[in-house]
Amino acid sequence: MLFGKRIEDWKAEYPAVADILNREEVMWLNPRYDGTAPLHEHDDVHRQTVAQAKARLERFEPLLRSFFQLETNEKIESPVTYIADLQSAEGELPGTWLLKRDDLLPTAGSIKARGGFHEVFRLAEQVSANHGMLPGFEAYEAFQTQEMRELFQTYRVHVGSTGNLGLSIGLMSAVLGFQATVHMSSDAKTWKKEMLQSYGVTVKEYTGDYSKAVTSGRELCRQTPGCYFVDDEASPHLFNGYAAAGTEVKAQLRHLNIRVSKDTPLFVYLPCGVGGGPAGVAYGLKQMYGPNVHCFFSEPVESPAVLLGLLTGAHEKLAVQHFGLTNETIADGLAVGRPSRLACQMMDTSLSGAFTVKDEELARLQKAAYDTEGIKLEPSAAAGLPGAAKVLASGYVESRGIDPNRITHLSWSTGGSLVPSDIFAQSLSNPFS
Ligand SMILES: *Cc1c(COP(=O)(O)O)cnc(C)c1O
């Protein structure tokens with residue numbers, strides 16, 4: 001029995017389940033999707049908290065530039081670019097194809113810069129306020145003083161990660177002075193661990209998967225005085241940081257003269273691991289565009305955690321291993337077997353659907369993005385690329401009377417720029433090594 005039903009019953013009730021168990025690529029359209037329903041709210045996630053997150057990220061940008069010696073106007077934002085060459089190579093599907101280049105986000109090189117930096121900045125503000133040391137908004141250089149560092153050195157920050165969240169939390173904690181520990185799942189890449197260690201971050205390795213690293217980290221932190229745990233399975237602060245992408249995209253599309261309306265909708269394809277990143281972004285976009293943005297999550301065939309969580313309604317109580325899947329994939333950033341409670345809750349009626357992608361296809365698309373556009377992606381970051389083709393073939397577009405030629409497809413590219421070039425070359429030539 002699995003959440004009150006036998007596997008056979010799940011299969012009978014949801015035809016997609018049989019294909020999921022066979023590791024076939026599936027497209028699941030959310031039967032509870034309601035574009036016009038008010039967005040879910042949570043005590044710590046609503047319109048104001050998202051706006052506050054955006055403002056907080058901006059307050060810290062000058063400091064970030066100074067810590068990492070970035071170019072003068074660099075922000076915690078990423079470009080939106082046309083990918084016409086990839087679109088042609090993939091068979092000239094209708095509509096406009098765009099890529100959101102979170103692989104280029106400064107210093108963390110992945111979508112985790114959004115949520116992760118935000119949560120560490122928030123902690124820095126909170127700790128300094130508790131000690132009567134919070135500077136005025138115009139005086140954030142105070143976060144670079146010796147006095148502040150000494151205060152932060154008395155605090156510990158722990159996080160469980162498949163790699164990129166650890167990089168983002170670890171780097172930012174370390175430069176501010178917090179003692180950081182990253183609990184890495186077995187999927188995490190060696191270069192990510194080494195980069196963290198070079199910043200003085202403690203890396204603990206686990207033989208199990210991501211959920212195990214998170215559980216151990218949470219437990220260890222609870223027993224340690226002055227320890228703050230960044231909880232990727234439920235953190236509203238990560239979520240708000242991701243959601244701040246909404247206003248960014250709105251300004252960028254306006255700048256490109258792309259109008260988003262009922263007749264010219266925006267379709268967004270988001271690589272999904274535990275769900276916090278893509279759900280946060282989808283939430284932020286929904287705040288901007290309401291029913292005119294349609295969001296889809298993409299997961300590896302062995303790790304459809306959020307898809308199964310939403311399909312069954314069991315949310316975080318479920319792990320893909322219950323369904324006999326392995327959670328083993330070349331998409332290390334998406335190798336998550338148990339979905340986020342917060343992500344499932346917030347997406348229950350506002351996510352249009354979710355689909356799965358085979359590793360072979362991720363590897364093919366990673367190479368295609370490089371060959372056609374010169375873009376360096378991690379395998380995880382390629383997971384949004386097949387979205388347009390899958391959604392166009394699903395009946396979703398016709399059933400809503402949408403003209404496929406008038407859709408703007410935005411695939412979210414979630415990471416890749418920090419991958420060392422030799423490792424990238426190796427992953428293109430031999431993705432399954
Ligand atoms: C973490 C990550 C994701 C997905 O974010 P979740 O919050 O885990 O769903 C996607 N792509 C990359 C490269 C990531 O590191």
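Q: Which residues of α3 meet which residues of α5?
A: In this predicted model, A53, R56, L57, R59, F60 and L64 of α3 meet R114, F117, H118, F121, R122, A124 and E125 of α5. Contact here requires heavy atoms within 4.5 Å.

Q: What makes up the contact of α3 with α5 by class?
A: There are 7 nonpolar, 1 polar and 5 charged residues. His is on neither the nonpolar nor the charged list, so H118 counts as polar.

Q: Why are α3 and α5 called roughly perpendicular?
A: The axes of α3 (residues 47-67) and α5 (residues 112-130) cross at roughly 85 degrees. The range for that label is 65 to 115 degrees. The angle fits, and α3 and α5 are therefore roughly perpendicular. Their axes come within 10 Å.

Q: Why is α7 called roughly parallel to α8?
A: Helix α7 (residues 164-176) and helix α8 (residues 190-198) pack at about 10 degrees. Angles under 35 degrees count as roughly parallel, so the label applies. The two axes are 10 Å apart.

Q: What makes the contact between α7 and α8?
A: N164, G166, L167, G170 and L171 come from α7. W191, K192, M195 and L196 come from α8. By class, that contact divides into 5 nonpolar, 3 polar and 1 charged. Gly counts as polar, so G166 and G170 are in the polar group.

Q: Which residues come nearest to the ligand?
A: K112, N164, G275, G277 and T414 do, of the 14 residues around the ligand.

Q: How do you know that T414 makes a polar contact with the ligand?
A: An N or O atom in the T414 side chain is 2.7 Å from a nitrogen atom of the ligand. The cut-off is 3.5 Å, so the pair qualifies.

Q: What do G273 and V274 offer the ligand?
A: Backbone atoms. An N or O atom of the G273 backbone lies 2.7 Å from a ligand oxygen. A polar backbone atom of V274 is 3.0 Å from an oxygen atom of the ligand. Both pairs fall within 3.5 Å, so both are polar contacts.

Q: How much of the ligand does the protein bury?
A: The protein buries 99% of the 380 Å² that the ligand exposes when taken alone.

Q: Where is R65, and which polar atom lies 2.6 Å from its side chain?
A: R65 is in helix α3. A polar atom of the R65 side chain lies 2.6 Å from the backbone oxygen of E74. Beyond neighbours within four places in sequence, R65 contacts L70, E71, T72, N73, E74 and K75.

Definitions and conventions: Residues numbered from 1 in each chain as written. Predicted model: local features only at pLDDT ≥ 70, side-chain atom pairs only at ≥ 80, totals over all residues. Heavy atoms only, no water. Axes fitted to C-alpha atoms, helices over the stretch in contact; angles between N-to-C directions. Helix = DSSP H or I, 4+ residues; strand = E, 2+ residues; numbered from the N terminus. Parallel < 35°, antiparallel > 145°, perpendicular 65-115°, else oblique. Near = heavy atom within 4 Å. Polar contact = N/O pair within 3.5 Å; in protein donor to acceptor, adjacent residues only side chain to side chain. Areas by Shrake-Rupley, 256 points an atom, 1.4 Å probe, with all protein chains shown as cover.
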